[in-house]
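Please look over the model shown here, and follow the report below as it moves from backbone angles to a pair of strands and then to the surface.

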Amino acid sequence: MSAVAPTVSEGERAYVQASVASQARTDGRTALERRPLELLQGPLASAQSSCAARRGNTHVLAVIKAALAQPTTSSPTLGLIDSAVEWPSVCHGNIDGRQFEDVAMALSAGLQDALNSSTALLKSLCLRAGEKCWKLNIDVTILHDDGCLFDTMMAAVHAALSSTALPVVDVVCNEGTEEMTVMLAGGDEETELDVNDTPLTATMFMFGDAFAFDCTSEETVCSDCHVSVSLQRSGNVCLVTKGGDAVLPGNAANVAQQECKAACQAIFQEFDAAIAESKRKGPQTLPSLFPSASSYSST
């Protein structure tokens, strides 16, 4: 799930790797320090819920729409989630967008796997076992990439899910038939989703024997490989994926899990603080979070 990053010289690569190893990255951060996370919940009134997320100059938008569906026979008590990630050519400015499409497909697969690990969320989507459930269609659009795409995307989706409210409905079996009728319960009652075990993700990038969190696009292309760890609020690891061409050195995967688990509480605290700040500011439009294209740093 590596982002499409600019090509750098061997001198630049060596400089970035040395800066990570010395705990003095090119933007002044330490190896474990993350850029601030900003969230904007509900910017699109036409969706069931939505959230824009920004970390540094990485900007993504998550949109959720719900529809009635039938559970699968293999998981009759679980609802359904269908996720997709799009990276429009207007947002990356590259005529040949095939490599960007490949990255979007890999991100889509990672997002789907992470959400499928959230059993409480899937159960909260079930209306009548084996008969009716909610299906969430989650679309993520990458607006600008400056590294750490997957982590930022997961924060946007988690925040959108936490603000999703579905109408309370009754599922009635039609007498004399096998058909089901779904009717709105009285009033304007709504029910929230159970996101208690919905994960966030921490990605650790390897630079030889050194490592760093929340790498920029420049740092990403200078890294050897990376490990993304999806963590639930309890600290439980539900998914580990590896990216990059290099072979993980020694017990790097175990080190990544342990470092990410150690950072779990801080990751969720930062997430909760970003949501609280979004609510404090109240309704906003996308330009309030995303600056104009001219203000992006060159990548």
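Helices, of at least four residues, and strands, of at least two, are runs assigned by DSSP and numbered from the N terminus. With these names in hand, and bearing in mind that this is a predicted model, we can place Cys-148 in the loop between β6 (132-144) and α5 (149-162). Its phi is near 60 degrees, a positive value in a residue other than glycine. Most residues other than glycine have a negative phi. Gln-23, which is likewise not a glycine, has a positive phi of about 65 degrees, and this residue lies in the loop between α1 (10-21) and β1 (37-41).

Are these two loop residues, and one residue of a strand, buried or exposed? The table gives the answer for each.

| Residue | Relative accessible area | Class |
|---|---|---|
| Cys-148 | 7% | buried |
| Gln-23 | 42% | partly exposed |
| Glu-190 | 55% | exposed |

Cys-148 is called buried because its relative accessible area of 7% falls under the cut-off of 20%, whereas Glu-190, at 55%, is exposed because that class begins over 50%.

Turning to the strands, β13 (residues 225-231) and β14 (residues 237-243) run antiparallel and are joined by 6 bridges; within this pairing, Ser-228 has Thr-241 of β14 as its bridge partner. The hairpin that the two strands form has 5 residues between them, and in this hairpin Gly-235 takes a positive phi near 100 degrees.

On the surface, Glu-190, which belongs to strand β10 (residues 190-192), gathers with Asp-188, Glu-189 and Glu-192 in a patch of negative charge.

Key
Residues numbered from 1 in each chain as written. Predicted model: local features only at pLDDT ≥ 70, side-chain atom pairs only at ≥ 80, totals over all residues. Heavy atoms only, no water. Patch = residues over 30% accessible without salt bridge, like charges linked within 9 Å, V, L, I, M, F, W, Y side chains within 5 Å. Areas by Shrake-Rupley, 256 points an atom, 1.4 Å probe, with all protein chains shown as cover. Salt bridge = Lys/Arg side-chain N within 4 Å of Asp/Glu carboxyl O. Lys, Arg positive; Asp, Glu negative; His and termini not counted. Charge placed at Lys NZ, Arg CZ, Asp CG, Glu CD. Buried < 20%, exposed > 50% of the residue type's maximum accessible area, 1.4 Å probe, protein only. Pairing = 2+ DSSP bridges.
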